[in-house]
Amino acid sequence: MIKEENKMSLKKNKFFLNLGLALISAAYASQSVAADLYAQLERDGNTFKIASNFSMTPPAPSSEKGFLLSSWPFKASNLDPAFDTKRFECVINSATKSDGCEKYRNNENSFVYVNTLSSFYGKTPDERRNIESRGGSAAGENAKAVAGGVLALPFLVVASPLLLLGQATKTETKKWVEFNHEEFMKAQETGIKNSGFSSKEDFFKFQVNASKVFDNLNKTNLDQLAWLNGAVKKEREALRDYVNVGIEVNSYSFSPSKFVIPQLEIKQDLVAFESSNGAAIKQYYDDQYRDFAASLEADRIKLRPAYEAKLKQIEAAEKERLAQEIVAEKERIKQEKIANEQRRLALAKEAARLESFRKTLKVGEDTFCGPVIEVKYPMIKVAISAPLPGFASETWLKSNQVFPSEYGCRNVNGKLSPLHYF
């Protein structure tokens, strides 16, 4: 009997694994789509249906008790559950008479089972894909369970008597709470057909096209948001002239709200959905810009008289500044002319004094570098007051090279020149 049940289990598991892989393969066609869409499986009497809307975010679970849900969100691209379906342990404690597994029993309608040992149907889609990538199979996984003394059926786990006896002697007994992914996939297929799709392929085709529509709307949304921010920036810059002249204006802080793309009804006309929401997105940001620009324009009109008065003040101040600069420049030129004339007169006076000094030089009179010892006009012989070693102690100079004593003497290798000029 056990062998027959084992064969039946292997056949069922192989069927469900192939079904899962078929769904995964169909999902690969949508991998190029950027937008992730989510759907929700619901009970409809004794059967199932897909909730009326697609969403870009997974719907919130209707229960917090593990995966005890009354409706089940899933990814539309590959039908993977959009909630955690990984098996976990519950504990029965005979000493405290507490049963941590109680709330999970008798919840087969929610695809939840309590088992002594883990079963294949409790493996998540990711775990199944991992098995497949390693070349494993459902039959191989069940063979491991049989070798351990356990027969994993979709709805029943039968353990060996010795194993159960060992567990019965423990104070604490652990069991597995598992989500039946195989029943869930069958329910999804039923729900898809009951919701107006001819097949899973028809459903996948619709979600691929819907994802592209959401991608387009997302791009339009971001583009319009960027346009709004740019337009607001330009409006603010229009008041920069006011600020530059010292007019106080509002800060005009602006935090644009982002358009929320609505959920997509199952089987809705995608062209109409994209067209209507594309127009709604544009109108949404146009309205925000219009409200902001109207507020700013009202302030601009209100501040205009103060701005014009400020401009007149600035213009008058600039004229005054320029007039003062002109007066100051005229005064500078005048003073420069006076200084130049005074310098010219001083130079002329000094030149006349030098000429008189040179023409009346006599032996014994002091010069810039020493007394005159001989005159043969226009040559003057001078005894050098501070001769340099190795150089002559007297020298002949032209009269125009002789200066009064107050000019001071510079002697460089026997060449004489005044220290100062007046």
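Which residues of H5 are buried? The structure is a predicted model, and this report approaches it through that helix, the sheet beside it, a second sheet, and several loop residues.

**Helix H5**

Helix H5 covers residues 181-194. Its buried residues are His181, Glu182, Glu183, Phe184, Met185, Ala187, Gln188, Gly191 and Ile192. The helix has 14 residues, and the distance from its first C-alpha to its last is 20 Å, close to the 20 Å expected at 1.5 Å a residue. At the start of H5, Asn180 places a side-chain oxygen within 3.2 Å of the backbone nitrogen of Glu182. Just after the helix, Gly196 adopts a positive phi of about 100 degrees.

**The sheet that H5 packs on**

Strands of a sheet pair through backbone hydrogen bonds, in a parallel or an antiparallel manner. One open sheet of this model consists of 3 strands in the order S2-S1-S4, with antiparallel pairing. Strand S2 (47-50) and strand S4 (71-75) are at the edges; each has a single partner strand, so one side of each is left without a neighbour in the sheet. On average, neighbouring strands here are turned by 30 degrees against each other, direction ignored. Strand S1 (residues 38-44) is joined to S2 by 4 bridges, and the two run antiparallel. Within this pair, Arg43 stands opposite Phe48 in S2. Helix H5 packs on the sheet and touches S1, S2 and S4, while its direction makes about 65 degrees with that of S2.

**A second open sheet**

Another set of 3 strands forms an open sheet in the order S12-S13-S14, again with antiparallel pairing. Its edges are strand S12 (372-376) and strand S14 (394-398), each with a single partner strand, so one side of each is left without a neighbour in the sheet. The average turn between neighbouring strands of this sheet is 20 degrees, direction ignored. S12 is joined by 4 bridges to strand S13 (residues 379-383), and these strands run antiparallel. Val372 has Val382 in S13 as its bridge partner.

The loop between S12 and S13 contains Pro378. A cis peptide bond, with omega of about 15 degrees, joins Tyr377 and Pro378.

**Loop residues**

Most residues other than glycine have a negative phi, and most peptide bonds are trans. Against this background, Leu79 has a positive phi, near 70 degrees, and is not a glycine. Lys267, also not a glycine, has a positive phi of about 65 degrees.

The table gives the place and relative accessibility of these residues, together with Ser110.

| Residue | Loop between | Relative accessibility |
|---|---|---|
| Leu79 | S4 and strand S5 (88-93) | 4%, buried |
| Lys267 | strand S11 (264-265) and helix H8 (270-359) | 42%, partly exposed |
| Ser110 | strand S6 (98-99) and strand S7 (112-115) | 12%, buried |

Leu79 counts as buried because its relative accessibility of 4% is under 20%. The value for Ser110, 12%, is also under 20%, so Ser110 is likewise counted as buried. Lys267, at 42%, lies between the cut-offs of 20% and 50% and is therefore partly exposed.

What does Ser110 touch, not counting residues up to four places away in sequence? Its contacts are Phe67, Leu69, Trp72 and Phe179.

Notes. Residues numbered from 1 in each chain as written. Predicted model: local features only at pLDDT ≥ 70, side-chain atom pairs only at ≥ 80, totals over all residues. Heavy atoms only, no water. Pairing = 2+ DSSP bridges. Axes fitted to C-alpha atoms, helices over the stretch in contact; angles between N-to-C directions. Expected span 1.5 Å × (residues − 1). Buried < 20%, exposed > 50% of the residue type's maximum accessible area, 1.4 Å probe, protein only. Polar contact = N/O pair within 3.5 Å; in protein donor to acceptor, adjacent residues only side chain to side chain. Contact = heavy atoms within 4.5 Å.
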